[in-house]
Amino acid sequence: MSMRSFTRRRCGPYAVLAAVTGLLAAGCGGAGDGTPASRDGTGPARTTLLQAADRGPDPFTASTVLTSDVAPKRGSGPDASPDPAGSAAPPPPRTVDGATPGLYGAAQSLPSCDIEQQAGFLAADSAKAGAFARAAGINQSGLAAWLRGLTSVMLRADTRVTGHGYRDGAPVPYPAVLQAGTAVLVDAYGAPRVRCADGSPLRTPDDGRPAGGGARHEGRAWAGYAPERVIAVQPTVRTLDSLIVVNVVNESWLERAVGTTGEQDREPGTPPAYRPADRPVADAAVPDASGGHDVGREGQVAAGDPDGLLVGPVNVG
């Protein structure tokens, strides 16, 4: 099974996972027209830091996270609390291709999120389901099938995204940083598309940079958080069949087929030539995972992606 070709399906649970890897997340408010704005709707949006278990602003649904005992390995001591008004604008995150080995973590044969529960929450509220579909860039009629085609994993680096809250019947976009260890659903292009702690649809940041020249952080940082270690995931141009993730129980490589619940997890036939701990995703670039494929070109929509969900920062919002 190729580590770059990825077909959509369901994910896998986990329980003892992030304790071994050290992970967590962030996200917050915006404007209903798709342009992130400040909480009061004026001025540039502030990047909201969301810890892995935080509910986030204006959550879409109750949590569907199946992970437990998430104890970050990186950092120690009390959380830091950056001053929302006075902290400096964060630097642009380093872009990482969605096919990169070790970008995500999982426990073998276990999903991190309950996809059926997530689909059920949205099916019970048509207005909310419609808002979710608009934010995700999909048709509401295909929402349940789309969710079941995602893969349940955990972030292994603090990751910048565009999150969405649900307010006054509409999706409200906001720039966010999700803590490593956050349970997410990933699409066939290797990009996070749902945050399971609050049911928030996720999109790729417009350009991987803070919204507005004067954007600042708000929210409560976590031990080990450092703006220069934040990444942004660049969706691949071609769909993937599987992801090469880190087994968070024993820090080994694990291949997870896209859209499965983990029942097909196996050791990769051709694992990366390095150990997961040797090249942390947040620390430095890793070898090109595209295998010669043209990965992540801005503005290009791939075949088989009628919703325009795959491409780079230009048209994935």
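Begin by selecting D114 and E116 in this predicted model, where D114 caps the N-terminal end of helix α2, with a side-chain oxygen lying 3.3 Å from the backbone nitrogen of E116.

Next, extend the selection to the whole of α2, residues 115-123, and colour its buried residues, which are I115, Q118, A119 and L122. These residues cover an arc of only 95° around the axis, and therefore they sit on the same side of α2. To see what they pack against, add the helices α3 (126-136) and α4 (143-148), together with the strands β8 (183-186) and β9 (192-195).

Move on to α3, and look at its start, where a side-chain oxygen of D125 reaches to within 3.3 Å of the backbone nitrogen of A127. Then show the buried residues of α3, namely K128, A129, G130, A131, F132, A133, A135 and A136. Because eight of the 11 residues of α3 are buried, this helix is largely enclosed by the rest of the structure. The elements that cover these buried residues include α2 and α4, along with β6 (159-167), β7 (170-178), β9 and β10 (200-201). Just after α3, select G137, which takes a positive phi of about 80°.

For the last stop, go to R220, which lies in the loop between β11 (217-219) and β12 (231-234). Is R220 buried or exposed? With a relative accessible area of 44%, R220 is partly exposed. Finally, select L50 as well and draw a C-alpha to C-alpha distance to R220: the two residues are 170 residues apart in sequence, and 7.3 Å apart in space.

Notes:
Residues numbered from 1 in each chain as written. Predicted model: local features only at pLDDT ≥ 70, side-chain atom pairs only at ≥ 80, totals over all residues. Heavy atoms only, no water. Buried < 20%, exposed > 50% of the residue type's maximum accessible area, 1.4 Å probe, protein only. Helix = DSSP H or I, 4+ residues; strand = E, 2+ residues; numbered from the N terminus. Arc of directions from axis to C-beta. Contact = heavy atoms within 4.5 Å. Polar contact = N/O pair within 3.5 Å; in protein donor to acceptor, adjacent residues only side chain to side chain.
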